[in-house]
Amino acid sequence: MPLSDDDVREILRIIDESDLAELQIDTEAFSLYVRKGGGDAEASGRPRVRSVTERGRTGQASGGPEASASPSAPATGDNDGLATITAPMLGTFYRAEAPGKPPFVDVGQRVEPDTIVCIIEVMKMMNSVTAGVSGTIVKVVPKNAELVEYGQPLFEVEPA
Amino acid sequence: MKRIKRVFVANRGEIALRIVNACQELGLETVVGTSEADRNGLAAREADRAVTIGPAPASESYLREDLVVQAALGTHCDAIHPGYGFLSESPKLAARAHENGLIFIGPPPEVIELSGDKLRAREEAARAGVPVLPGKEIAPDDDPRKAGDEIGYPLLVKAAGGGGGRGIKLARDPEQLGNLVSLARSEAGAAFGDERVYLERFVVGARHVEVQIAADEHGAIVHLGERDCSVQRRYQKVIEEAPAPDLEPATRNALTAEAVAFANAIGYRNLGTVEFVLDVDTGRHFFLEVNCRIQVEHPVTEAVTGRDLVKLQIHVADGEPLGFTQSDVVFDGHAIECRLNAEDVARGFMPSPGTLSLFAVPENLHLRVDTALCAGATIPPYYDSLMAKLIGHAEGRDAAIDVLQEALEELDVEGVETNRMLLISVLGHDDFHRGAVTTDWLERAIV
């Protein structure tokens with residue numbers, strides 16, 4: 001069951017109107033984790049949406065990254081003041097939507113928390129990953145089409 | 001024409017390490033797929049490579065067949081060994097592996113599917129001439145009491161999708177049965193995604209005896225003798241041994257022949273176990289279920305047959321013939337395994353995770369210890385509580401018991417609660433010494 005943009009908006013609206021601080025839904029088709037922003041939005045309150053959506057079996061448009069809810073990789077650790085975007089799941093790391101297309105992001109590019117930075121493919125399921133942090137990409141760690149492990153660093157970001 | 005060169009190990013703990021070691025001895029490379037919690041475990045360190053497939057909860061790592069297959073492909077493995085538990089009996093993993101050109105080290109997906117459906121397996125067993133207990137599926141509209149009267153009490157309410165001791169409820173009379181069936185149905189739906197339940201006569205005073213079988217891709221099937229696993233708590237095995245003590249030769253012959261016949265009838269491939277329940281009062285035996293994986297207790301069979309079952313699994317999965325016949329299978333001595341668990345026996349066997357400040361197992365020619373733990377290692381709270389398997393092998397049963405008792409007494413373990421004292425007292429108990437106990441014995445003995 002692919003999660004549509006409308007589904008995501010509806011879930012966010014329900015959360016917004018409820019007293020819940022966080023919500024986790026796990027089903028066969030997707031898992032979703034949402035946390036409401038607290039007082040200090042920068043440090044802790046970043047809403048995070050994790051989901052798995054299936055791109056059309058033949059690989060075309062309908063469930064492309066723009067239509068899927070994006071897992072935002074937890075940005076962790078500061079080495080030299082840099083934030084690291086790590087892989088929210090194991091899979092094949094793709095820098096672009098399709099071969100021949102420009103990469104989602106490149107070194108020097110500015111990203112916002114909801115900027116899609118890459119795709120991780122798990123068994124034909126394309127999962128777009130968002131930055132989860134504001135700043136400038138300073139390093140792309142894995143090579144394109146390489147297997148990345150859960151928690152592996154993907155990008156280093158100079159926060160701003 | 002060896003196709004297997006690199007094996008992906010989709011498991012954790014002692015069995016992951018056991019598989020890695022078997023592969024190393026066969027000259028194969030290994031990649032262990034671990035959860036984040038096991039990243040620094042011994043299996044991951046001993047393997048050629050380890051990849052973190054997901055976070056600690058098994059539902060997000062060890063139980064995700066998509067991640068396992070993706071990780072196996074991404075690390076250029078040509079086979080997946082699923083170990084026991086987790087995805088070891090998932091027809092979905094076996095099928096997905098095949099679809100992606102990977103060898104699944106286990107039976108074909110359709111055999112796993114049939115075996116996982118305990119109702120169908122019962123029917124197939126009966127068709128193959130293997131005795132099954134009186135039993136019947138209960139449809140949602142059926143009156144379970146009518147079927148209960150036909151079968152007789154006490155009886156078990158079992159989930160078709162259960163097995164391995166899960167999804168079982170005991171009903172002593174019609175009143176209990178009425179309440180249990182609907183509860184069992186909803187629990188089975190939630191736990192196994194299959195609401196079908198059936199009733200089966202419960203044998204009071206039963207032994208659990210199982211037969212190890214091995215089948216290659218070329219039609220050869222042999223058995224490797226039986227194991228007695230009657231020392232159980234809540235349908236979970238605690239102590240296992242081979243051969244089964246005091247088993248009538250005629251019964252042994254019947255069990256092993258039926259296990260082979262059943263395996264043959266369902267097109268079984270690779271290694272497996274056919275479980276039976278043995279009624280000690282009548283001496284009759286009945287089919288229980290078939291397990292499509294390497295068993296936790298496989299080392300007792302290895303000890304008495306001198307054959308490495310994990311290597312045999314890989315060998316057969318690679319398309320090689322078994323390489324021996326039934327008459328080549330000979331048995332030597334007696335082997336007993338006990339499972340050392342991190343659990344607090346005094347507090348209702350509550351799991352006792354934690355960090356081992358001390359863990360040292362004694363060395364003895366007659367003792368084998370399978371563990372992935374050492375001093376300083378942490379037992380995470382996410383998985384089962386098995387710490388180590390201690391296997392004593394000697395010429396006779398009493399000598400094997402002595403080996404284990406001595407080993408358990410000399411064992412140094414600090415940092416977590418364990419069932420060590422319970423194991424020592426079972427091994428020293430008169431009932432156990434006299435020979436076979438029944439599956440309800442341990443729970444009565446420890447009250």
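Student: How many residues of chain B are in contact with chain A?

Tutor: Keep in mind that this is a predicted model. On the chain A side, ten residues take part, and they divide into six nonpolar, three polar and one charged. Across from them, the residues of chain B in contact with chain A number 13.

Student: OK, on to chain B itself. What radius of gyration does chain B have, and why does that agree with a compact globule?

Tutor: Start from the length: chain B has 447 residues, and a compact globule with that many would come out near 22 Å. The C-alpha trace spans about 60 × 50 × 45 Å along its principal axes. The radius of gyration of chain B agrees with the globule value, because it is 21 Å.

Student: What share of chain B's contacts join residues at least 24 apart?

Tutor: Chain B has 15 helices and 23 strands, and buried residues make up 52% of the chain. Now count contacts between residues at least 6 apart in sequence. Of these, the share joining residues at least 24 apart is 65%.

Student: Which helix gives the largest share of the largest nonpolar core?

Tutor: That core has 162 residues, and those with the most contacts inside it include Phe8(B), Val68(B), Ala79(B) and Leu404(B). Take Ala79(B): beyond its neighbours within four places in sequence, its contacts include Ile4(B), Phe8(B), Ile103(B) and Ala317(B). As for the helix you asked about, seven core residues come from residues 13-25 of chain B, which is helix α1.

Student: Which element gives the most to the side of domain 1 that touches domain 3 in chain B?

Tutor: The domain assignment puts domain 1 at 6-105 and domain 3 at 206-445, and their C-alpha centres lie 23 Å apart. Between them, 25 residues of domain 1 are in contact with 21 of domain 3. The domain 1 side divides into 16 nonpolar, four polar and five charged residues. Two elements, α1 and α2 (42-46), give two or more residues to that side, and the one giving the most, with eight, is α1(B).

Student: One last helix, α4 of chain B. Which residue just after it takes a positive phi?

Tutor: Helix α4 covers residues 91-99, and its buried residues are Pro91(B), Leu93(B), Ala94(B), Arg96(B) and Ala97(B). Those buried residues pack against α3 (65-74), β4 (79-81), β5 (103-104) and α5 (109-116). Just past the helix, phi is about 75 degrees, and the residue that takes it is Gly101(B).

Conventions. Residues numbered from 1 in each chain as written. Chains lettered and ligands numbered in written order. Predicted model: local features only at pLDDT ≥ 70, side-chain atom pairs only at ≥ 80, totals over all residues. Helix = DSSP H or I, 4+ residues; strand = E, 2+ residues; numbered from the N terminus. Rg over C-alpha atoms; globule rule 2.2 N^0.38 Å. Buried ≥ 20, exposed ≤ 12 C-beta atoms within 10 Å, placed from the backbone. Contact = placed C-beta atoms within 7 Å. Core = buried A, V, L, I, M, F, W, Y, C linked by C-beta atoms within 7 Å. Nonpolar A, V, L, I, M, F, W, Y, C, P; charged D, E, K, R; others polar. Domains from an automatic or database assignment.
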